[in-house]
Amino acid sequence: MTVVNRPHESRGRGWTGVVTARPRLTLLLALLFTALAVVAGSGVADRLGSGGWQDPAAESAYATKALEKHFPASQPNLLLLVDTGKATVDTPAVAAEGRALAGKLAGEPSVTGVTSYWDGAAGLRDRDGREALIAARIVGDETAASKTLERIAPAYRGDHGPVKVSIGGPVAVRHELQTTIQEDLLRAEMIALPITLVLLVMVFGSAVAALLPLGVGIIAILGTDAVLRGLTEFTDVSVFAQNLTTALGLGLAIDYALFIVRRFREELARGAGTLPAIAATLRTAGRTVLFSALTVAVSLAAMLVFPQYFLRSFAYAGIAVVLIAALAALVVLPAALALLGERVNALDLNRLIRRGRRERGESGAGWARVARLVMRRAPLFALATTAGLIVLGLPFLRVEFGTADDRQLPASAESHVVQQHIRDNFPGSPGGAIDILVDSRPGQAALADYSGRISALPGVARVDSPAGRFAGGRQVAEPGPSEALRAADGAAYITVLSKGEVVDQSSQRLVRDIRAQHPPFAASVTGVAAVLVDSKHSIAERLPWALAIIVVVTLLLVFLLTGSVLIPLQAVLLNALSLTAMFGAVVWVFQEGHLSGPLSFTSTGDIETTLPVLMFCVAFGLSMDYGVFLLSRMKEEYDRTGDHRAAVEFGVRRTGGLITAAAVILAVVMVAIGTSRVTNTKMLGLGIALAVLMDAMVVRSLLVPAVMRLTGRATWWAPAPLRRLHARIGLSEGESTGPAPGAAPVGGADDGERGPARDEARRRVGAGG
């Protein structure tokens, strides 16, 4: 394929010259990068973890690690549910088989701390005597534990004489989560890619132009997989991050490619040659893409302030995919356009439809009418949309935070079934107790006094201690052989069984009450409820820093783009307002269980603590992505004409279709992710899809023009020092090729009316507006 050029064209300078000087070489290097990324990123899913909700510096994390080292039986992560059918767990044949299974499991490499009901362990038999548990700990990190489980599970799962065994416990839940997410991600890609291609063809008309965004997306996704694979050599990375890689890789690549290809076709329609059109595109749309990528990357980078590797993983994946997508859009895409030239419009599948629209003057005219209507009734639209968004967000006031567990999995998943049996039928919720690590060997009297005080706290059912068993503030059983095992290596541990659910509000209060006792020896509290308390504390402690990073950097970037003081403030406030519907829906649907049947998930009555933070950072970044597109075109027109209302109308007219198309395509990708059988992934996908659509169709189309009409020309004001600063370092789309031939100057400020020659010139630009 040869470069489409004209005699008067010359090679561009600067960045344009770099990316178009050797377009074939650039594309060859991009192909080589993609191939290397495929190799480097292969097997990344097998190295990703499914945890990461715990603060590694918290008291509970320290206590957990110490208990794992000194008392592995206190921290079982593998549970074998032994179902006796119609017999009882004390039937001789059943008891013999149970002991045999426990003995066999104790002999497995990497398995320690094996206990069972038939060894006299308390709480490992159900209320009806038909089921019992064998508990053990698989040692090693998440990857090693998962491999051990894969190795030993077939030998234990299924029928064993008079009993049937099912496998549960945290390690089984994590393994099933990881496997399910990988399968669901592949299915989501198979759903999203063909639908996305069809939508791109509808948007561009040209099949050639429609393939360009997909190419950018593939580069971004594969490149990010390679980055994540490299990061796993140095730190933990969550398997959930792959979902964000796919969603943002496709979504942002399509956004950036849409913006650049549309602007390139627009410049061609003005009469520019291929290389001048690329130069104008990179000066205008290219700068906007760069600003957009920076704003999205900053929103995602804010998650690095949190200690949980679940959140940090999304920052790693998000920053990588955003920057690679932007780099591909600014390097690979211009090279492809240099080779294609006018042929970017080849294989036009709806030329007649688009031509008819242009002849009727309808290119963007509908969006212009919407903008004029909104500005004529600006107070009404501003109040109505703001009130509506606030109402949609009200359910979030009822939010209850919890922790992720087996109920993230489908109801039919084996580990979910086992854990549900334990919750329903076993007293004391084995594996869900509160454990207290004692870092010394205090005397029996001190331990007995402390254990008695703990047992008297509200919500405590029983306390098991090296000093015996306690309930209601007094000792109810003397220490026996099992209690003796609670002290070793200069340390000891106490188990507290709560009357409430594992992580409900009463259990969380109990953790705080225990920590308030201040015994005369070092004591650290852990357990599921303690981990949740510490996680909520660490997020609340660091959340102001994350928000400050997002707000300050966003204000700075939008100022550099627009030169205005008011517009950055509007952008931050309106973006935050656009997320209310998402947060309200998350509580109404996923916490309270509405639509749980059609959406096929199990409501736990709470929201995992890190999810709102993640969803805010991702959705805020994507909202700023669309906001930058809109503001850049408004700024361009305002710089050219000085007409505020005309600039608002022009921005909506030129980007309304583009932003809506990009939002719909991204929503399709997120809904495909939302088809996952894992509840957190479903919540992430569907919630962000809703936020993106609300932002594009309500905030950008109605609220932004209404607010900007109310603020008037003051929208663009900045004090003289800041204006001079912006003149030196600011960037915008103001360096376009100028008005189309025959364009008339803009008249007054009346609804943005323009001369007929200018309208006709604009109706001739490329599709997508």
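**Exercise 1. What percentage of the 769 residues of the protein count as buried?**

Solution. Keep in mind that this is a predicted model. Start with the cut-off: a residue is buried when its relative accessible area is under 20%. By that test, 58% of the 769 residues count as buried. Then turn to the outside, where the protein exposes about 29400 Å², with carbon and sulfur atoms supplying 62% of that area.

**Exercise 2. Work out whether the radius of gyration agrees with a compact globule.**

Solution. First take the rule, 2.2 Å times the number of residues to the power 0.38. For 769 residues it gives a value near 27 Å. Next, compare: the protein has 31 Å, which agrees. For the outline, the C-alpha atoms fill a box of roughly 100 × 50 × 45 Å along the principal axes.

**Exercise 3. Find the largest nonpolar core and the helix that gives the largest share of it.**

Solution. Begin with the general idea: in soluble globular proteins, nonpolar side chains tend to be buried together. Here the largest nonpolar core has 160 residues, and Y256, M303, V322, V344, L614 and M634 have the most contacts inside it. Helix α10 (residues 309-340) provides the largest share of this core, 21 residues. Now zoom in on V344: leaving aside neighbours within four places in sequence, its contacts include V208, L212, F264 and L337. Finally, a second, separate core of 34 residues includes L124, I134, I152 and V163.

**Exercise 4. How far apart are the centres of the positive and negative side chains?**

Solution. Count each set: there are 74 positive and 65 negative side chains. Their centres lie 10 Å apart.

Key
Residues numbered from 1 in each chain as written. Predicted model: local features only at pLDDT ≥ 70, side-chain atom pairs only at ≥ 80, totals over all residues. Heavy atoms only, no water. Buried < 20%, exposed > 50% of the residue type's maximum accessible area, 1.4 Å probe, protein only. Areas by Shrake-Rupley, 256 points an atom, 1.4 Å probe, with all protein chains shown as cover. Lys, Arg positive; Asp, Glu negative; His and termini not counted. Charge placed at Lys NZ, Arg CZ, Asp CG, Glu CD. Core = buried A, V, L, I, M, F, W, Y, C linked by side-chain atoms within 4.5 Å. Helix = DSSP H or I, 4+ residues; strand = E, 2+ residues; numbered from the N terminus. Contact = heavy atoms within 4.5 Å.
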